[in-house]
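Reader: Hey, I'm new to this one. Can you walk me through it?

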Amino acid sequence: MSLYNKATLILPVSPAYKDGAIQSYRPLTSEGAFAFSRGSNLAATRVAPNGFIEKGRENLIPASNSFQSWFTINSDRTFNQSGYDGLNNATLIEALSSGVTGGLQPVAYPIGTQSGVNTFSVYAKAGTGDFLVSTVAFLPVLISVYFNLSNGTIYSDPSPSPDLITSKMENVGNGWYRCSLTQKETINQVVISISNEGGVLTSIAGDNIFIQDVQLEQGLVATEYIGTITTTKTAGILEDLPRLDYSGGVTCPSILLEPSRTNLISQSEYVNGSPDVSNSTITSNAATSPQGLVNASKVVPNTSNTFHWFGQVFNSQSSGNYTQTIFAKADTYNHIFMVIRTDGGSERYGVKFNLSNGTFVDEIIFGTPSQTNYLIEDYSNGWYRCSISSNHSSGAVIALFGASLGGALSSINNEFAGDGTSGINVFGAQLETGSYPTSYIPSYGVSVTRAKDSCVNSTVATSTDFTIFFEAKDFCLINGTTGGSYDQVQFVFSATGGAYDSGGSYHIYANSLYYYDGTANTSFGQIFNNQTDSKFAIVKRGNKGIIYANGVKKTEITLPSGADAKVINWDTIDLTQSLQDAQGDIFGSKYQQILKFNSGLSDAELATLTTI
Amino acid sequence: MTRLTRKYEFVNEAAADAAIALLPTDEEGNPTHEHLVTKLGYLVVTPPIFDNEFEQITAPVLSEKYAVDVYWGNEADVSWDSFIVWPTPMGIHTYGSSSSRNEYEAKYCDLFPESLYCTPPEPLE
């Protein structure tokens with residue numbers, strides 16, 4: 001009989017999850033339900049089954065295809081036209097007068113005020129008119145792009161708005177185009193107009209075009225359309241949706257559980273909008289990113305024999321460890337150089353990574369930075385996530401990134417002369433407090449905090465004997481391995497959801513499992529070899545406490561007199577209760593399986609269960 | 001559940017820490033108000049000037065007040081009301097939550113209906 005048939009609780013990651021809950025395969029009752037909350041959608045990301053990073057998304061325009069509610073400007077509307085998607089819900093807009101603006105605008109104040117980088121898109125097709133004009137505005141600032149629907153080209157404006165980042169026409173077939181403009185100014189209006197000439201906002205009476213499915217969203221590109229009716233609408237990662245993570249190309253995902261973190265970098269993707277760019281040229285939307293969209297930037301050092309970087313200064317930062325991260329991919333250069341300056345710049349730690357093979361090349365210091373670390377992780381398709389960490393006491397923290405030549409580092413500024421055309425691709429810059437990087441937090445103009453994941457089951461049935469099995473990874477990664485003495489994990493099971501050090505709870509601390517009965521701890525011994533182990537079993541069998549990891553019995557103790565009756569007093573499994581390392585960092589982790597048995601499995605069964 | 005984003009200012013970091021320490025807890029020390037505190041610090045009024053090697057030439061001018069954002073689980077602790085401030089949504093920091101942003105915007109426009117943020121612009125002609 002399979003050991004799975006003996007389990008009373010099985011939580012392999014499964015399709016049985018929704019916003020706010022994960023349901024185990026067994027039992028299909030409340031005892032198998034884990035309540036989940038986070039409260040962040042736009043700040044949360046995961047690696048999706050297709051291997052790309054998935055974000056929370058949002059269409060900020062209500063009534064995104066209900067143009068009868070929009071304000072008309074010298075124009076008329078005819079509804080129920082054939083659309084790009086085969087549905088008969090496109091709208092024909094027609095100019096009523098010649099020589100004036102004709103178009104549509106959402107009714108008064110529909111989009112609020114949007115700051116930061118955003119993209120406005122609309123599907124459109126030529127009628128008797130040629131040009132669709134997309135305009136976003138915060139008067140008196142107007143940002144307009146003229147899309148020629150007859151030939152699929154964008155009018156080349158001789159004096160484009162400095163706030164316009166890019167525009168794009170995507171041919172979606174049958175004469176339809178998705179027209180989008182991306183800009184960086186604060187806006188509170190969007191307008192769709194008809195024009196008969198590029199660069200001139202006038203129309204001829206009777207000119208018409210078809211439009212459908214409008215979207216305004218944060219970021220550098222238009223993403224899959226999200227239909228809205230009366231309010232804005234979200235998609236992708238929702239606020240309390242468990243994140244099933246497929247990092248590393250796995251087919252069986254993990255539950256990604258992380259502490260709260262803030263991305264201090266205000267423009268994580270529009271790196272050309274970084275407050276500080278030196279001796280480098282940055283082109284937005286130059287390559288396909290780890291998100292699977294063409295929203296990565298290319299960074300090209302200039303020909304000056306000096307430093308080449310972009311980054312941001314963060315004044316008056318609290319003390320602690322800081323980690324800066326970026327996704328990078330080799331292009332015509334194969335290396336990235338990153339520097340984190342702490343204590344106002346008096347301490348500096350720089351690292352060079354090779355992006356052609358995903359390896360560390362060299363590191364260098366200026367001053368005496370402490371608790372420095374680096375990490376490079378493969379994100380497929382040639383992309384790597386590179387990170388460096390350092391400790392900070394007071395003053396400013398400065399995060400810098402730049403394309404680089406190969407070879408050992410000879411100075412903290414990594415001076416060299418580029419050729420003015422070669423570079424690397426980058427995406428998703430992040431600076432966070434903590435000694436290790438957490439998942440990517442997108443930002444589009446201000447810093448963003450992703451709240452902590454919470455995953456708790458508080459209805460677990462108790463039994464005289466039991467076995468708890470869990471498979472987990474990435475408790476903490478430092479220098480590519482789990483880290484030194486900072487290896488506590490968060491797995492806690494307790495009575496009535498109390499704190500890990502309250503009455504009736506198990507917790508793992510400093511590699512060892514403890515049961516705390518409200519007065520004293522009973523140690524089960526070491527459970528966690530941070531270099532090798534990923535499958536663990538905790539067993540109460542009679543008066544024995546047993547721990548297995550990776551097929552090996554780590555310890556077997558005789559529970560102290562009286563303890564054997566106490567250690568069954570728990571009913572809650574909390575995967576996210578915080579335990580901190582010596583530096584105060586709270587750890588995240590990825591759980592792949594959790595099983596509970598209402599019996600103490602035999603040694604043979606435990607060896608089988610925990611063998612990789 | 002819609003969580004509340006609220007923004008506060010204190011006379012200094014010590015005052016902020018004191019207020020944080022006084023947030024109510026149960027007998028086991030668990031917070032009775034679900035919350036996430038984000039210390040934004042002394043906000044920059046005038047940015048520092050750096051040379052092109054990022055060596056600081058002039059120091060930044062910082063606000064005299066210490067800024068803290070709090071992400072309340074359901075309702076804000078009333079004991080913090082005297083420290084609350086209402087920057088134009090969403091200020092310099094968010095919790096990446098659509099529902100919390102919508103709630104803050106609605107509350108802001110209740111308090112400041114005549115503000116530019118909340119006053120509908122005339123349609124473009």
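Author: Sure. Let's start with a term: a nonpolar core is a set of buried Ala, Val, Leu, Ile, Met, Phe, Trp, Tyr and Cys residues joined through side-chain atoms within 4.5 Å. Keep in mind that this is a predicted model.

Reader: Ok, so which residues touch the most other members of the largest nonpolar core?

Author: Those are Phe470(A), Tyr506(A) and Ile573(A), in a core of 44 residues.

Reader: And which elements give two or more residues to this core?

Author: They are strands of chain A: β4 (33–37), β21 (254–257), β37 (466–473), β41 (505–509), β42 (512–516), β44 (535–541), β45 (544–549) and β48 (589–597). The one that gives the most is β37(A), with 4 residues.

Reader: What does the second core include?

Author: That core is separate and has 32 residues, with Ile265(A), Val271(A), Ile282(A) and Phe310(A) among them.

Reader: Switching topic, what about odd backbone spots?

Author: Two residues of chain A are worth a look here. Asp213(A) isn't a glycine, yet has a positive phi of about 55°. Asn279(A) isn't a glycine either, and its phi is also positive, about 55°.

Reader: Why point that out?

Author: Because most residues other than glycine have a negative phi.

Reader: Where do I find Asp213(A) and is it buried or exposed?

Author: Look in strand β18 (residues 208–218) of chain A for Asp213(A). Asp213(A) has a relative accessible area of 4%, so it counts as buried.

Reader: And where is Asn279(A)?

Author: Asn279(A) lies in the loop between β23 (276–278) and β24 (280–287) of chain A. With a relative accessible area of 23%, Asn279(A) is partly exposed.

Reader: Anything in chain B?

Author: Yep, Pro89(B) and Met90(B) are joined by a cis peptide bond, with omega about -10°. Met90(B) belongs to the loop between β6 (84–85) and β7 (93–94) of chain B. Most peptide bonds are trans.

Reader: Let's do sheets. What is the order of the 3 strands in the open sheet of chain A?

Author: The order is β5-β6-β19, and the pairing is antiparallel. At the edges sit β5 (45–47) and β19 (233–236) of chain A, each pairing on one side only. On average, neighbouring strands of this sheet are turned by 25° against each other, ignoring direction.

Reader: How many bridges are there between β5(A) and β6 of chain A?

Author: There are 3 bridges between β5(A) and β6 (residues 53–59) of chain A, in the antiparallel sense. Across from Arg46(A) you'll find Glu54(A) in β6(A).

Methods:
Residues numbered from 1 in each chain as written. Chains lettered and ligands numbered in written order. Predicted model: local features only at pLDDT ≥ 70, side-chain atom pairs only at ≥ 80, totals over all residues. Heavy atoms only, no water. Buried < 20%, exposed > 50% of the residue type's maximum accessible area, 1.4 Å probe, protein only. Pairing = 2+ DSSP bridges. Axes fitted to C-alpha atoms, helices over the stretch in contact; angles between N-to-C directions.
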